Amino acid sequence: MPDLTTLTGVGVSPGVGAGPVVRVVDSVPEPKQGPGSGSPEEEFAAAQAALEAVAADLEDRGQRAGGEAQHVLEAQAMMARDPDLAGQIKQRTAAGSNAARAAYEAFGITREMLLTLGEYFAARVTDLDDIRNRTVARLLDVPPPGIPELTEPSVLVAMDLAPADTALIDKSMVLAFATQEGGPTSHTSILARNLGIPAVVGCRGVRELAPGTRVLVDGSNGKVFIDPPADLIARLAGVDEKRRAALAAVGNAPGATSDGHAVPLLVNIGGIDDVEKALANGAEGVGLFRSELLFLDRTDAPSEDEQYGLYRAVLEAFTGRKVVVRTLDAGADKPLPFLPFGEEPNPAMGVRGLRICMQAPEIMHTQLTALARAGEGLDTELWVMAPMVADVYEARWFKEACKKAGLKAKIGTMVEIPAAALRAEHLGQVAEFFSIGSNDLTQYTFAADRQIGAVARLQDAWQPAILDLVAATTAGGQANGIPTGVCGEAASDPALACVLVGLGVNTLSMSAGALPGVRAALAAHTLDDCQRAAEAARGAVDAEAARAAARGNLAQLESLGL
Amino acid sequence: MAEITVTLPPGVGLHARPAALFVGAAAKSSCDVTIGRPGEPGVNAKSILGVMGLGAKAGEEMVVTAEGDGADELLASLKEILETPEGGHA
């Protein structure tokens, strides 16, 4: 069989999906200079009509979305109708420019102006670029950026997907995702796992696929087959059927290896909305409650009472179980208007995570006090941890802050900075538990920004260096008799989850959609299998070899289609 | 031409939501409206991009002018919008 018919990438969400390719439009061409087909007046009128249509569309989407999104979209519509912007366009059409070029340049001037105003306006620049792309697409009569209207179940192919593209996605019409860029922690991967849609990312060549091409996406093995023969579809669909049956057979049993070594399977949540799916998929507790979602998109800090209400609701939903809350995690990369951020050339390495709270201790005190109250009188086991702890000094500071707030909970630290992993033994003398944030740990270990596609190859928790740091953390935890969990995307990869258990990790926390696959993978292997897989992976030279070496020791994965 | 001076309340200044409310109110009027810093030429108050481009911060004084029918009433209502603290617009 010629090799040309298969493309290889990274499988990030298991399962298979076969159907026609629909391309997600990721860019709009830059309009050429020169006059248009109409008079200057006609060109200006065309530009105005396009802007008005874009504004009306934004308002319409706002009405359908409601809530905070409506305010954002209405402000965007206001930008499209801006009289100064129209004035800039008119100057250019009067000077003989075509409508699309005039609009393109006028937006460009405004963009530069907003950029000079500092980081808060970065989000507005994104809004403005979106309006420009929509306007220019209308004038050039090309498809607007984003996901086209799907008329039949399709395979979505993109460079990478942005959150804005996927906000209104219709799950029933998407058979699979295949993206040219992105890694296991990219937005596409997280979304796909959450929705349970098969996905292959970092797959070179998918972008050249013509719309309508029939493809088969195998998210379990990271393959995209072009024009797949019927027998191949049937065979892989059969494997997938077995996978689903295996997942169904293990049901919602507590996480454990086949020889009975318990590995509680926990869930990552942002708020009360995520609880239902978590419980339906058998979450044994919450391993990561991202409290910062309550703080985003607002101009003032939430009050203690408001925070109390939200925390209490989540803690009540998990009575008799464990809830691990991560305190506010923000930074120059996710700025909050009520916190004192300077502009930073390198936000990932600046004042973020616990570092912010050390600069604005009253914010932390309010949060910890709200948590202390929320935990009172419930039999939910409350654990609280700080993000981005680098050393013992910071771990102590956090513990002291918890004490001051009267918090009765287990106080832990996240391990996201290599320094923390390397000195876990000392950190464990202060912390009462560890939770490894594998996404940031990978970013900091490889000096590879999570947002930059060009370094996605390094953003892979299978890298043996990361496995070494996980082993160092569990060793430090064991030396002090404290448990170590993993709450990054690494925990949601069934094979890697087994390896983590083999490295001594006690609990795994992931998005609700990933729970069944991880549960089935663990249930099919012994602790000894996991340890041998971990050893083999640590002995490998790179991520790809580590993955293969581990799978070689986890014999049941293939037949499970995981 | 009518003119008022307003001090922006504590918060994060004139952008996003407050700017949209201010511009929305100005745009509904038939008056010519400007906003700017004292002693500097103002920008068109009906332009969200112009108003955001001022980068006006909390605690700054801003001069708002209006010319046309109902200018005084308009300025009074714009003053109220500008002086409402962050979070009070909900």
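# A two-chain model, in questions

Colleague: In which loop is the place of A:Met173?

Modeller: Keep in mind that this is a predicted model. Helix 6 covers residues 163-166 of chain A, and strand 5 covers residues 174-179. A:Met173 is in the loop between helix 6 and strand 5 of chain A.

Colleague: Does A:Met173 count as buried, partly exposed or exposed?

Modeller: Count the C-beta neighbours inside 10 Å: A:Met173 has 16. Buried needs 20 or more, and exposed needs 12 or fewer. The count lies in between, so A:Met173 is partly exposed.

Colleague: Which residues does A:Met173 touch, not counting those up to four places away in sequence?

Modeller: Look back along the chain. The C-alpha atom of A:Glu149, 24 residues away, is 9.9 Å from that of A:Met173. The residues that A:Met173 touches are A:Leu150, A:Pro153 and A:Ser154.

Colleague: Now the helices. What angle do helix 16 and helix 17 of chain A make, and is that oblique or perpendicular?

Modeller: Helix 16 runs over residues 438-446 and helix 17 over residues 464-479, with their axes 10 Å apart. The angle is about 120°. Roughly perpendicular covers 65 to 115 degrees, and roughly antiparallel starts over 145, so this pair of helices is oblique.

Colleague: Which residues of helix 17 of chain A make the contact with helix 16?

Modeller: Helix 16 of chain A passes helix 17 of chain A in a right-handed crossing. Helix 16 brings A:Ser438, A:Leu441, A:Thr442 and A:Thr445 to the contact. Helix 17 of chain A brings A:Ala465, A:Ile466 and A:Leu469.

Colleague: How many residues of that contact are nonpolar?

Modeller: Sort the residues of the contact between helix 16 and helix 17 of chain A by class. None is charged, and three are polar. The nonpolar ones number four.

Colleague: Which residue in the loop between helix 16 and helix 17 of chain A has a positive phi although it is not a glycine?

Modeller: The phi is about 50°. The residue is exposed, because it has 10 other C-beta atoms within 10 Å and the limit is 12 or fewer. The residue is A:Ala447.

Colleague: Is A:Asp227 buried or exposed?

Modeller: A:Asp227 also is not a glycine, and its phi is positive, about 45°. It lies in the loop between strand 8 (223-226) and helix 8 of chain A. It has 9 other C-beta atoms within 10 Å, so A:Asp227 is exposed.

Colleague: At what angle do the axes of helix 8 and helix 19 of chain A cross, and what does that make the pair?

Modeller: Helix 8 spans residues 230-250 and helix 19 spans residues 515-523 of chain A. Their axes come within 9 Å and cross at roughly 80°. That falls in the range of 65 to 115 degrees, so helix 8 is, relative to helix 19 of chain A, roughly perpendicular.

Colleague: How many residues of the contact between helix 8 and helix 19 of chain A are nonpolar?

Modeller: Helix 8 supplies A:Ala246, A:Leu247 and A:Val250. Helix 19 of chain A supplies A:Pro516, A:Gly517, A:Arg519, A:Ala520 and A:Ala523. One residue is polar and one is charged, while the nonpolar ones number six.

Colleague: Which helix gives the largest share of the largest nonpolar core?

Modeller: This core has 107 residues. Among those that touch the most other members are A:Ala497, A:Cys498, A:Val499 and A:Leu500. The largest share is seven residues, and it comes from helix 18 (residues 494-502) of chain A.

Colleague: How many residues are in the other core?

Modeller: This core lies apart from the largest one. Its members include A:Leu51, A:Ala80, A:Leu85 and A:Ala137. The total is 54 residues.

Colleague: What pattern does chain B follow along its sequence?

Modeller: Chain B has three helices and four strands. Of its 90 residues, 38% count as buried. Read along the sequence, the pattern is β-α-β-β-α-β-α.

Colleague: Which elements give two or more residues to the side of chain B that touches chain A?

Modeller: The contact takes 18 residues from chain A and 19 from chain B. The elements of chain B asked for are helix 1 (16-28) and helix 2 (48-53).

Colleague: How many polar residues does that side of chain B have?

Modeller: Go through the classes on the side of chain B that touches chain A. Three residues are charged and seven are nonpolar. The polar residues number nine.

Definitions and conventions
Residues are numbered from 1 along each chain as its sequence is written. Chains are lettered from A and ligands numbered from 1 in the order in which they are written. This is a predicted model: local features need pLDDT of at least 70, side-chain atom pairs count only at pLDDT 80 or more; totals for chains, interfaces and linings use all residues. A nonpolar core is a set of buried Ala, Val, Leu, Ile, Met, Phe, Trp, Tyr and Cys residues joined through C-beta atoms within 7 Å. Axes are lines fitted to C-alpha atoms, for helices over the stretch in contact, and angles run from 0 to 180 degrees between N-to-C directions. Angles under 35 degrees count as roughly parallel, over 145 as roughly antiparallel, 65 to 115 as roughly perpendicular and the rest as oblique. A crossing is left-handed if the near helix is turned anticlockwise from the far one by less than a right angle, and right-handed if clockwise. Two residues are in contact if their C-beta atoms, placed from the backbone, lie within 7 Å. Ala, Val, Leu, Ile, Met, Phe, Trp, Tyr, Cys and Pro count as nonpolar, Asp, Glu, Lys and Arg as charged, and the others, Gly among them, as polar.
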